Amino acid sequence: MLPKLILICCLAVITSGSIPRPRGVADSNASHYQPNSENVFVCIDGSQSFPYTYVNDDYCDCADGSDEPGTSACPNGKFTCTNIGHRPLIVPASRVNDGVCDCCDGTDEYSGNIACVNTCNELGKKHKEEVERIMKLQEEGVRKKKEFAESGKKMKEEKKARLEQLQADREAAETERQEMEAKKDEAEAPEKEAKDRHQKAWDEEKARRSAEKDAAAGMTAFNELDSNNDNFVDVLEMVVHNEFDIDSNGVVSEEEAKEHLEEVEKVDQDTFVSKIWPNVKQIYKPLVPEEAQSDGEASPPAEPQGETATPPTPETPSSSTATPLPSISADGTLVSPDPPTNDVQTQDDSDEKMPDYDDETKVLIEAADVARNSFNAADEKLKSIDREISSLQSYMNLDFGNEEEFSVLKDQCFEYTDREYTYKLCVYERASQRPKSGGSETSLGTWGRWSGPENDRYSSQLYERGQNCWNGPDRSVKVHFKCGPENQLTNAYEPSRCEYAFDFITPVSCSGKVSPLDTHAHDEL
Ligand code: MAN
């Protein structure tokens, strides 16, 4: 059996609403279509008027199309289906009698071209259930949002109190640091003085030792050069030393020898050591005794005799059993050493090593160490207070919504994985993208600001200045917040290259109201 056709005359009057009205007229517009005493219809835009019979006569008379609400005669006409059992729907008049059922009550198809089944009750029921489901969600969300708001406010108060406390502590910590710094400076001054004195005495001692060694080497050289043992070194004793060959012709002339003797024929030991030796010590080589040469014994060292290569002197014994070195006191005087021990350290080593500080300097160093440690502790305390203050100030500067409700999301990270990437959102921090197949994370941006429209500021957040997109912008993400039972990142997509969008549901975005968009019953055109 055919479904009941809805065939009503073009001028039929609908009486489903409170006011009887022609076909296709919305309840809210019904008063415009009330016949007046002259039976004249005035177009809704007021521009023209016609006999009432012109309404729905399938001929477009009004420029705004208002005389043909129930036919497709006007290109700009609008047809309203009452949809009893569900919700009224407005469709373009062009859809009237076009052979497609647009209205759930089928009233847009009354010509008989097509038989429309009335599905309004069924749709209405589903819609009601959906509205109830969303209502519940909203109510539950609002309840949770209140809790979040309470803890957000509490958190802000705690942070504020902590900040005030720290700002007060900071003053004391700064004073303490200044005091400790003064004490450190005070303790370091005598320490430095004593250490410098010690160093200076050691430098002098080293210079003295070196001069002593040098003089001893000079004397040894003198004795070796003075081959006739007359306590003079003369020109003839010099010429046998090839190293004095100035022009490198293989012979040391008397003039060359004399030049090395500072233009005198001979010098005594004192003159040799003080005047001649400093100039020749770099080139002087002791003569190799003939027996040694003929016996094939090892040659004496060929290196020039300098400060570091001197024969042992009474002052520089080479045995480990030698008398230990004297130390240097804080006032720079040498202190007698302790009796020798069986210490394994060799004399040569200790020769080059600065002696330990004396007890007085050690006490000053210890005192300075204590002052330094106290200063470092005070300095670190102040720095740590400053770090905490700065982190608290950043927190206080964040906008957590009118009721501090969004603070629950701070320091929380959420992930969403699609076919290719795992997206991550650390709320109020950053957003990123990681390929599922492995590889490094790409920054999609760091926290920027709330970016919702003026009347709905807290509906979206912007994360910006992410990794630059090749031949494109810096990556950025717009996070859309919607009411939901839990905090969850539910979608991530890239509406245009390197400009991402995340959908995030949270009870914090629940308003307690159901909007037509929420129900997906957004069927008014
Ligand atoms: C990577 C990803 C994509 C992005 C391209 C742009 O592959 O970050 O999301 O579209 O780079 O080159």
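This briefing describes the overall make-up, the cores, several strands and the ligand site of the structure above. The model is a predicted one, and its protein chain contains 7 helices and 18 strands. Of the 525 residues in the protein chain, 35% count as buried, and the accessible surface comes to about 30,600 Å², with 50% of that area belonging to carbon and sulfur atoms. When contacts between residues at least 6 apart in sequence are considered, 46% of them join residues at least 24 apart.

**Nonpolar cores**

- The largest nonpolar core is made up of 28 residues, and the members with the most contacts inside it are Phe-406, Leu-425 and Phe-502.
- At least two residues of this core come from each of the strands β12 (421-426), β14 (442-450), β16 (476-483), β17 (488-496) and β18 (499-506).
- Another core, which lies apart from the one just described, has 18 residues, including Phe-222, Val-252, Val-267 and Tyr-284.
- Phe-502, leaving aside its neighbours within four places in sequence, is in contact with a set of residues that includes Tyr-423, Lys-424 and Leu-425, as well as Ala-431 and Leu-444. The contacts of Phe-502 also include Val-477, Lys-478, Val-479 and His-480, together with Leu-489, Asn-491 and Ala-492.

**Strands β13, β14 and β15**

- Strand β13 (residues 430-435) pairs with β14 in the antiparallel sense over 4 bridges, and within this pairing Gln-433 stands opposite Thr-442 of β14.
- The two strands β13 and β14 form a hairpin with 6 residues between them, and Gly-438, which sits in the turn, has a positive phi of about 100°.
- On to the next strand, β14 and β15 run antiparallel and are joined by 5 bridges, with Trp-447 standing opposite Tyr-463 in β15.

**Gln-461 in strand β15**

- Gln-461 belongs to strand β15, which covers residues 460-465, and Gln-461 counts as buried because its relative accessible area is 0%, which falls under the 20% cut-off.
- The side chain of Gln-461 makes a polar contact of 2.6 Å with the side chain of Tyr-463, and Tyr-463 is also the residue that stands opposite Trp-447.
- Beyond residues up to four places away in sequence, Gln-461 touches Val-427, Tyr-428, Trp-447, Arg-449, Trp-450 and Ser-451, among others. Val-477, Lys-478, Val-479 and Phe-481 are likewise touched by Gln-461.

**Ligand site**

- The residues around the ligand are Tyr-421, Gln-433, Cys-469, Arg-475, Glu-494, Arg-497, Cys-498 and Tyr-500.
- An oxygen atom of the ligand lies 2.8 Å from a polar side-chain atom of Gln-433, the residue that stands opposite Thr-442 in β14.
- For Arg-475, a polar side-chain atom lies 2.9 Å from an oxygen atom of the ligand, while an N or O atom in the side chain of Arg-497 is 3.4 Å from a ligand oxygen atom.
- The ligand taken alone exposes 310 Å², and the protein buries 67% of that area.

**Strands β5 and β6**

- In a regular strand, side chains alternate between the two faces of the sheet.
- Strand β6 (residues 89-92) has a covered face with Leu-89 and Val-91, and an uncovered face with Ile-90 and Pro-92.
- Strand β5 (residues 78-81) pairs with β6 in the antiparallel sense over 4 bridges, and the bridge partner of Thr-80 in β6 is Ile-90, a residue of the uncovered face.

**Arg-21 and His-32**

- Arg-21 is placed in strand β2, and Arg-21 counts as buried because its relative accessibility is 2%, under the 20% cut-off.
- A polar atom of the Arg-21 side chain lies 2.6 Å from the backbone oxygen of Val-25.
- His-32 is found in the loop between β2 (21-22) and β3 (40-42), and His-32 counts as partly exposed because its relative accessibility of 37% lies between the cut-offs of 20% and 50%.
- Not counting residues up to four places away in sequence, His-32 touches Phe-41 and Ile-44, and the C-alpha atoms of His-32 and Cys-43 are 8.4 Å apart in space although the two residues are 11 residues apart in sequence.

Methods:
Residues numbered from 1 in each chain as written. Predicted model: local features only at pLDDT ≥ 70, side-chain atom pairs only at ≥ 80, totals over all residues. Heavy atoms only, no water. Buried < 20%, exposed > 50% of the residue type's maximum accessible area, 1.4 Å probe, protein only. Polar contact = N/O pair within 3.5 Å; in protein donor to acceptor, adjacent residues only side chain to side chain. Contact = heavy atoms within 4.5 Å. Core = buried A, V, L, I, M, F, W, Y, C linked by side-chain atoms within 4.5 Å. Pairing = 2+ DSSP bridges. Near = heavy atom within 4 Å. Areas by Shrake-Rupley, 256 points an atom, 1.4 Å probe, with all protein chains shown as cover.
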